[in-house]
Amino acid sequence: MKLFRVLVFSFLLFRALCARAVEAEDKNSEEDKEETETEPERKEKTDEITEEKDVLVLHNKNFARALSENKYLLVEFYAPWCGHCRRLEPIYAEVAGQLKSESSLVRLAKVDATEEPELAEEFDADSFPTLKFFNDGIRQNATDFTGKRTAKGIKQWLQRRLGPSAVILNGTQDAQRLLDAHDVVVVGFFEELGGEVAKVFCDVALNIADFNFGLTSSPELFKKYEVQKDTVVLFKKFDDMRADMPLSEGKLDKDELITFIQANSVELVITFSEENAEKIFSSKIHNHLILFINTTIESHNALLDDYRATASEFKEKVLFIKVDVNTEVSHVLKYFGLNASEAPVLRFINTDSAKKYAMVDKTISKDTLKAFCQGVLDGTIKPHLMSQEIPEDWDKNPVKVLVGKNFEQVVFDEAKNVFVEFYAPWCSHCKELAPVWEKLAENYKDHENIVIANMDATANEVEAVSVQGFPTLKFFPAGTERKVIDYNGKRDLETFSKFLDNGGVLPEEEDDEDEDEEEEEQGSSDKEESSEKTEKDMNESSSKDEL
């Protein structure tokens, strides 16, 4: 179960944080679905357009009329059981009311995709909520909403769509007015405003509604801001105050411009908070250095000068983040296996691989920070793997308890076939599996060459295995080859037993059954799909993994 995208450090962390909340939400969703299914038949649909809290209610009979009567229309395709849709509902209604009261040309509408599958299919609404923007009543080529799902974010995105994506700056007064009004402003200094470079710039501006953009070809402004050739300049009211991106060979690459804006629009050292989470999480910089400090201690705050100076050297390579251990970050500390009392302390994480690194040197200075960052980037520093202490009774019960410190010794024992469950304490599917796993271990406890084990993968990490979901089951056959076999069969005692008796191979019919199940569940085993897209699947099948 891939979960909400708020925390900084990795997708795995975010998933773990919200699992309990989503489990509860799933149960409520099931109950609500049952209630919905028992609702009486509704009135026959016509082309009449009704409203709910200022939001137009659309279906296949009135959709075309809504398009013809509204110059700009933002349509939400939703499902009644979707928790994300429910959270969006009051926000969406708030914006709809504001736009209506302002007599805006934009109206907000919604379509129940579960009742209107043809409309959902036509507009590729296969995850919920999906928002589409229609311009001038044109049904084809609807634009995907890419803004933030907040009242401010929706309005900003719509305003950018309606007006020019970048303001033309004709002189000093225009430029100064724009720079004074905003903390971050991106200005394209181009000799030709009608060329391809300016078009790419405006296309990027159209989709980044958080910041304000300007365009100029004024020689006066080129001179005032000391720009010699076509250049994108990001002006900001912090750190070094501006960042320049001169164009190479007069060309502007869209992805490079987006990366430039993302890298330079945040402070060199960004404070971890809910407000900053979107900036951090959406950054294309996936190497993050995290400094945990207690901001009430002056010596901790004194470290920030060197931290900020080092951040400048690794700009666009490493994102430098500050975490105050006095705030609500116990879950973050736990993820890194830390306690607040250990501050000041550093951790480095790559959010693609979820690999974490710890700085061995206890002295935090510009030199040690630089050496640490460069070592991680160069691959000369090995990942830091968390491990609990080995329990005294780890091998006393049928299910053997593994931790990071005894994992290698047990699973790669050349004389043993080891079947391991990697679990999370909060995972409901793991809890459902527990009695089956214990029974399996009981049945095989007298087999000298078979070991049934489990490991809390939220507190222990091993280099040989990457755990992306819970529960994850892997088989380590005896021998010297250090093989690792993924188990993807049914999670019942009979299938587990056949798998073990066949030496880590499922009977052919089991594979076929699994393939059929996966097709019926619409790819539920794909652990990288968004929580919006898979929420219904998660509600309908208890066999799916939690992430």
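## Around F190

In this predicted model, let us start with F190 and its surroundings. Setting aside residues up to four places away in sequence, F190 touches V197, A198, F201, L215, T216, S217, F222, D230, T231, V232, L247 and L252.

## Two nonpolar cores

F190 also belongs to the largest nonpolar core, a group of 25 residues. Together with F190, the residues with the most contacts inside this core are F201, F213, V232, L252, L257 and I261. Two or more residues each come from strand 8 (184–189), helix 7 (196–207), strand 9 (212–216), strand 10 (231–236), strand 11 (242–246) and helix 9 (254–264). Helix 7 gives the largest share, 6 residues.

There is also a second, separate core, made up of 22 residues. Among its members are I321, V325, V329 and F336. As a general backdrop, nonpolar side chains tend to be buried together in soluble globular proteins.

## A five-stranded open sheet

Further along the chain, have a look at the open sheet of 5 strands, whose order is 17-19-18-20-21 and whose pairing is mixed. Strand 17 (399–402) and strand 21 (485–486) each have a single partner strand, so these two stand at the edges with one side left without a neighbour in the sheet.

Within the sheet, strand 18 (residues 417–423) pairs with strand 19 (residues 450–456) in the parallel sense, over 7 bridges. To find your place in this pairing, look for V420, whose bridge partner in strand 19 is A453.

## A helix across the sheet

Helix 15 (residues 404–411) lies across strand 17, strand 18, strand 19 and strand 20 (472–476). Relative to strand 17, helix 15 runs at about 125°.

Terms used
Residues are numbered from 1 along each chain as its sequence is written. This is a predicted model: local features need pLDDT of at least 70, side-chain atom pairs count only at pLDDT 80 or more; totals for chains, interfaces and linings use all residues. Side-chain values use heavy atoms; hydrogens and water are left out. Two strands pair if DSSP finds at least two bridges between them. Helices (H or I, at least four residues) and strands (E, at least two) are DSSP runs, numbered from the N terminus. Contact means heavy atoms within 4.5 Å. Axes are lines fitted to C-alpha atoms, for helices over the stretch in contact, and angles run from 0 to 180 degrees between N-to-C directions. A nonpolar core is a set of buried Ala, Val, Leu, Ile, Met, Phe, Trp, Tyr and Cys residues joined through side-chain atoms within 4.5 Å. Buried means under 20% relative accessible area, exposed over 50%, partly exposed in between (1.4 Å probe, protein chains only).
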